[in-house]
Amino acid sequence: AAHRRRLQEALARLQEEVEAALAAGGPDTYRLRSPPGAAVAVAVTGSSGVAAAAGLYRYLRDFCGCHLSWAGAQLRLPDPLPRLRAEIRASAPGRYRYYQNVCTQSYSYAWWDWARWEREIDWMALSGINLALAFVGQEAAWQRVYRSLGLNQSEIDEYFTGPAFLAWNRMGNLHGWAGPLPPAWHLKQLYLQYRIVERMRSLGMITVLPAFAGHVPQGVLRVFPRVNATRLGGWSHFDCTYSCTYLLDPEDPMFQVIGTLFLKELIKEFGTDHIYSADTFNEMTPVSSNPAYLSRVSNAVFTSMTGADPEALWLMQGWLFQHQPDFWQPAQVRALLRGVPLGRMIVLDLFAESKPVYQWTESFYGQPFIWCMLHNFGGNHGLFGTVEAINRGPFAARRFPNSTMVGTGLVPEGIEQNDMVYELMNELGWRQEPLDLPSWVTRYAERRYGAPNAAAASAWRLLLRSVYNCTGVCVNHNRSPLVRRPSLHMDTELWYNASDVYEAWRLLLSAHTELGSSPIFRYDLVDVTRQAAQQLVSDYYLSIRQAFQSHALPELLTAGGVLVYDLLPELDSLLSSHSLFLLGRWLESARAMATSDREAEQYELNARNQVTLWGPSGNILDYANKQLGGLVLDYYGVRWSLFVSALVECLNSGSPFHQDQFNQAVFQVERGFVYNKKRYPAMPAGDTLEISRKLFLKYYP
């Protein structure tokens, strides 16, 4: 609220207007100028609300030294506001700047209220994003469609997953797990969706609504016994209890009936901007690789869209092509894409910074595509980036022979991490050529903290060249031993020089006297200290393993003792000192969505399971790992304690370590955490600077 008030006071001295003609039929354009007279410092004109907001942020960023990110806002405005010597005009190089991943709906937005959505939409507008998913509340529409088809409530309840897993229910990966959805859930989500689409559209954003991809509840087979549906296989270590969804044959007449019914229901409820998203084969192998079949599937999905909206465009995630390249050979990709008239589909080249698909598909065989940065999996913490790839990639894709690129996108599975990479990508979305990264990051540090500081700038340049400069095929799953189930075969490889992070930690700490009052500085200090601690955990793990393998009990007790009784508790207290690193914030936001104690318990179990076991039996164990105060101590810490005790026991009794036995024992610990009913604080405690300094004095190599 304070951010908004400060911004509003400044905006009173700025003038903003929307003038569609500015773009002259081309991509979004903004103009900044200082009109004569003292009343208005700067007039911002945009061809759309988003273009005007992007122009405003350009002024705040480049002329006022301000900064806005997930970690907070730094809006110390110069007084008087600076005037511009000459007019500035900028046009985006492409039609779209896209944001969101279907998975983000569950990994990050699952428990959001309107206040949090409003902040995100503000950030989207200022970032110049003009195309985004509006996926909230779709289950309420599906429930109406299923009821109208004749399904009963218990069949619907068996189909929907719990709130933290809806992303995978929508893609046909899962059904029933951690459900059902209570009636109050649907009402609250509908209310949110009305506000989300209204606000996004008022700013000139294009909202993308979900469409029917072909997956149906088993109840549809009871009501229509003659319908032709195929049962897909299990997904990602799930068996048919919660997976193996039914996929309607695209040529079955019911496919069109259900698809059109659903879209008409959505359009009646929320209106439309004519772009729809559907993913039929996300990580699911089609029943046939026959190109004719694949063309029929995509044509059926598209026809069910045009049945409800003749102007429909289909937005599709291109993840499947690089996820299962053995199946999706050029002939198969071409068949799926060409089943839709050219120009009526937009493909998201979802992991373009590491595994671009446009290069081996002749630019998606003529269908328009958006060059996307995926960057993050599972909302994991961990400093990471591929800055060279994103600084060059979009420009190379535009120059590709017969390129059909129509924009850039941000598609992380989880947000609220590595702000710098997203700020960089947003800025590149409006640029015609790459940036000079070292000088860009120096300015970034100054804007982020609201003051120039040589030590902080040096720290950021070190991070830029190390953690943020992963090259080659980089897949950012945090595999640090800290957040993985302990074993004697853990991955401690780094793509960067660990000493660069230790030195950045030292430099940031040295800047605390000047920058310590900045909340965003404190966030970064936690994040860099956390990264250093994560590296230290690997070192202690290697010492523990070495001591065990050479039967050195005293060394094992020393290294294990330091890890379990000092390093992990200290890391937990560091994380607990900042609100954005609290387990309690995630759990309490889940409980806040509830309208009864029973719902609160169900939602909390959803929230706990997602970041740990991810499934009833650790099916996708630790995929969505987070480093949060409370989780480090009571989940990762307890696991490490059990591991060290097991190794000590093996040395004492002269018996070998059995991973299978340990896994059974540790699963009880993991499951115990999910059901421990302990309430975790949603307010930070302790002094970040003091805790970081204490860790530094003890552990700095």
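## Exercises: cavities, core and cysteines

Helix α8 gives three residues to the lining of the second largest cavity, the largest share of that lining. The model is predicted. The exercises start from this cavity.

**Exercise 1.** Describe the second largest cavity by its volume, its lining and the helices that supply the lining.

*Solution.*
- Step 1. Take the volume: about 140 Å³.
- Step 2. List the lining. It has 16 residues, and Gln105, Ala110, Val136, Arg170 and Gln189 lie nearest the centre.
- Step 3. Assign helices. At least two lining residues come from each of α3 (104-107), α7 and α8 (183-202).
- Step 4. Sort by character. The lining holds 10 nonpolar residues, four polar and two charged.

**Exercise 2.** How many cavities of 30 Å³ or more does a search of the whole structure find, and what lines the largest cavity?

*Solution.*
- Step 1. The search finds six such cavities.
- Step 2. The largest has a volume of about 260 Å³.
- Step 3. Its lining counts 22 residues, with Gln138, Trp142, Arg170, Met171 and Ala211 nearest the centre.
- Step 4. α5 (138-149) and α7 (166-170) supply at least two lining residues each. The largest share, four residues, is from α5.
- Step 5. By character, the lining splits into 13 nonpolar, six polar and three charged residues.
- Step 6. Look for a link to Exercise 1. Arg170 is listed nearest the centre of the largest cavity and also nearest the centre of the second largest. Helix α7 contributes to the lining of the largest cavity and to that of the second largest.

**Exercise 3.** Which residues of the largest nonpolar core touch the most other members, and which helix gives the most to this core?

*Solution.*
- Step 1. The core has 258 residues; Trp111, Trp168, Phe321, Trp371, Met420 and Trp614 touch the most other members.
- Step 2. Helix α21 (residues 519-549) gives the most to this core: 14 residues.
- Step 3. Zoom in on Phe321. Leaving out residues up to four places away in sequence, Phe321 touches Met316, Trp328, Val333, Leu336, Leu337, Val347, Val357, Trp360 and Phe364.
- Step 4. Set this in context. In soluble globular proteins, nonpolar side chains tend to be buried together.

**Exercise 4.** Find the disulfides and give the handedness of the link between cysteine 240 and cysteine 244.

*Solution.*
- Step 1. There are two disulfides in the structure.
- Step 2. Cysteine 240 pairs with cysteine 244, at a sulfur to sulfur distance of 1.9 Å.
- Step 3. Read the torsion. It is about -70° around the S-S bond of cysteine 240 and cysteine 244, so this disulfide is left-handed.
- Step 4. Check burial. Cysteine 240 has 38% relative accessibility, so it counts as partly exposed. Cysteine 244, at 3%, is buried.
- Step 5. Turn to cysteine 470 and cysteine 474. Their sulfur atoms are 2.1 Å apart in a disulfide. The torsion about this S-S bond is -95°, and the link is left-handed. Cysteine 470 and cysteine 474 are both buried.
- Step 6. Counting bonded cysteines along the chain, the pattern is 1-2, 3-4.

**Exercise 5.** Why is cysteine 103 in no disulfide?

*Solution.*
- Step 1. Find the nearest cysteine sulfur to cysteine 103. It belongs to cysteine 372, 13 Å away.
- Step 2. Apply the cut-off. A disulfide needs sulfur atoms within 2.5 Å, so cysteine 103 is in none.
- Step 3. Check burial. Cysteine 103 is buried at 8% relative accessible area.
- Step 4. Repeat for cysteine 372. Cysteine 372 is in no disulfide either, its nearest cysteine sulfur being that of cysteine 103. Its relative accessibility is 0%, so cysteine 372 counts as buried.

Notes
Residues numbered from 1 in each chain as written. Predicted model: local features only at pLDDT ≥ 70, side-chain atom pairs only at ≥ 80, totals over all residues. Heavy atoms only, no water. Buried < 20%, exposed > 50% of the residue type's maximum accessible area, 1.4 Å probe, protein only. Core = buried A, V, L, I, M, F, W, Y, C linked by side-chain atoms within 4.5 Å. Contact = heavy atoms within 4.5 Å. 1 Å grid on protein atoms, 1.4 Å probe; cavity = no way out; pocket = protein on both sides within 12 Å on 5 of 7 lines; lining within 4 Å. Points joined across faces, edges and corners; volume = space filled by probe spheres on them. Nonpolar A, V, L, I, M, F, W, Y, C, P; charged D, E, K, R; others polar.
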